[in-house]
There are 2 protein chains.
Amino acid sequence: MNPAPSMSQHDMTILAETFRLLGDATRLRILFFCLPEPKSVGHIAESLELSQTLVSHHLRLLRGARLVRGERRSKQVFYEIADNHVSDMLIDMATHIDEDHTEV
Amino acid sequence: MNPAPSMSQHDMTILAETFRLLGDATRLRILFFCLPEPKSVGHIAESLELSQTLVSHHLRLLRGARLVRGERRSKQVFYEIADNHVSDMLIDMATHIDEDHTEV
DNA sequence: ATAATATATGAACAGATATTCATGTATCGT
DNA sequence: ACGATACATGAATATCTGTTCATATATTAT
């Protein structure tokens, strides 16, 4: 029940890097926007009112950390959350935040 | 089961801020070090081979975001993870990272 | 081939951030 | 009161990061 997490230095670095990427409101918005289903770059930019360039830059970072995956469909590229671990992570965190100020 | 997390802008900001603080290897080390039990500032600094000053600065940030709590016991101040949400969060994330490269 | 659409990349810059150094404050023993 | 120990704070700085602007690449239609 209590994992007493003794993480390797390597894991610690990966974890920090992951958190660092999640630690930006713009990137978080992109991630949560793509959470329900894959979205094209243009759709993301338009919906979140961000420049296409900025969205691409952020997607590149998220891709690099394997937080999202991009798939080309003709002219557009659709991005989705990379896997269930990432989705679960996001949902878990959102839940924690929610509970944090719902509780006593 | 699927919360379809529609977070408020405010929640999103809080979440991003929390992630941002977790997104630094030094702070993460401090947090995981304090996870099993409260530790004094000096103990943290010595064990993690960080300057006392640096540890204090980071603890201040973590305190500000209510990720840790400090309690004075005579001359020393012991810091512990603020509450179960934070502990769970950290353990969850550590588990995700662990699974991420354990799996196929 | 050319043009148009969709996305990616590189350079540049302003603002943020981690770390160090110097110094301040609090608590205890004498 | 004084010195010693433990922690906190402020300023300074070098590095990093998010964003924009300009431009490149890829795909499709004509």
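Visitor: Which residues are closest to DNA strand D?
Guide: This is a predicted model. In it, 25 residues surround DNA strand D, and the closest are A:Arg27, A:Thr53, A:His58, B:Gly42 and B:Tyr79.

Visitor: What share of the strand D atoms within 4 Å of the protein is sugar and phosphate?
Guide: Sugar and phosphate make up 65% of the atoms of DNA strand D that come within 4 Å of the protein.

Visitor: Ok, which side chains have a polar atom by a phosphate oxygen of strand D?
Guide: Among them is B:Tyr79, with a polar side-chain atom 2.5 Å from a phosphate oxygen of DNA strand D. For B:Ser56 the distance from a polar side-chain atom to a phosphate oxygen of the strand is 2.8 Å. In A:Thr26, an N or O atom of the side chain is 3.2 Å from a phosphate oxygen of DNA strand D.

Visitor: Which helices and strands supply at least two residues there?
Guide: From chain A, helix H2 (25-34) and helix H4 (52-64) each supply at least two residues of the surface near DNA strand D. From chain B, helix H3 (41-48), helix H4 (52-64) and strand S3 (76-81) each do so too.

Visitor: And which one gives the largest share?
Guide: H4(B) does, with six residues of the surface near DNA strand D.

Visitor: How do those residues divide into nonpolar, polar and charged?
Guide: The surface near DNA strand D has four nonpolar, 13 polar and eight charged residues.

Visitor: Switching strands. Which residues come nearest to DNA strand C?
Guide: DNA strand C has 25 residues around it, and A:Thr53, A:Tyr79, B:Arg27, B:Thr53 and B:His58 come nearest. Of the atoms of DNA strand C that come within 4 Å of the protein, sugar and phosphate account for 65%.

Visitor: Which side chain has a polar atom by a base nitrogen of strand C?
Guide: A:Gln52 is one, with a polar side-chain atom 2.9 Å from a base nitrogen of DNA strand C. Phosphate oxygens of the strand also have partners: a polar side-chain atom of B:His58 lies 2.6 Å from one, and a polar side-chain atom of B:Thr26 lies 3.2 Å from one.

Visitor: Which elements give two or more residues to the surface near strand C?
Guide: In chain A they are helix H3 (41-48), H4 and strand S3 (76-81), and in chain B they are H2 and H4. H4(A) gives the most, with six residues.

Visitor: New topic. What rotation superposes chain A on chain B?
Guide: A rotation of 180 degrees, with 0.1 Å of shift along its axis, superposes the chains with an RMSD of 0.1 Å. The two copies are therefore related as by a two-fold rotation axis. The same surface serves both copies, since 100% of the contact residues of chain A recur in chain B.

Visitor: Last thing: at what angle do H2(B) and H3(B) pack?
Guide: The angle is about 120 degrees, and the axes of H2(B) and H3(B) are 11 Å apart. H2(B) passes H3(B) in a right-handed crossing.

Visitor: Which residues meet there?
Guide: H2(B) brings B:Arg29, B:Ile30, B:Phe33 and B:Cys34, which meet B:His43, B:Ile44, B:Ser47 and B:Leu48 in H3(B). By class, the contact of H2(B) with H3(B) has five nonpolar, two polar and one charged residues.

Terms used:
Residues numbered from 1 in each chain as written. Chains lettered and ligands numbered in written order. Predicted model: local features only at pLDDT ≥ 70, side-chain atom pairs only at ≥ 80, totals over all residues. Heavy atoms only, no water. Near = heavy atom within 4 Å. Polar contact = N/O pair within 3.5 Å; in protein donor to acceptor, adjacent residues only side chain to side chain. Helix = DSSP H or I, 4+ residues; strand = E, 2+ residues; numbered from the N terminus. Nonpolar A, V, L, I, M, F, W, Y, C, P; charged D, E, K, R; others polar. Axes fitted to C-alpha atoms, helices over the stretch in contact; angles between N-to-C directions. Left-handed = near helix turned anticlockwise from the far one by under 90°. Contact = heavy atoms within 4.5 Å. Least-squares fit on C-alpha atoms with pLDDT ≥ 70 in both.
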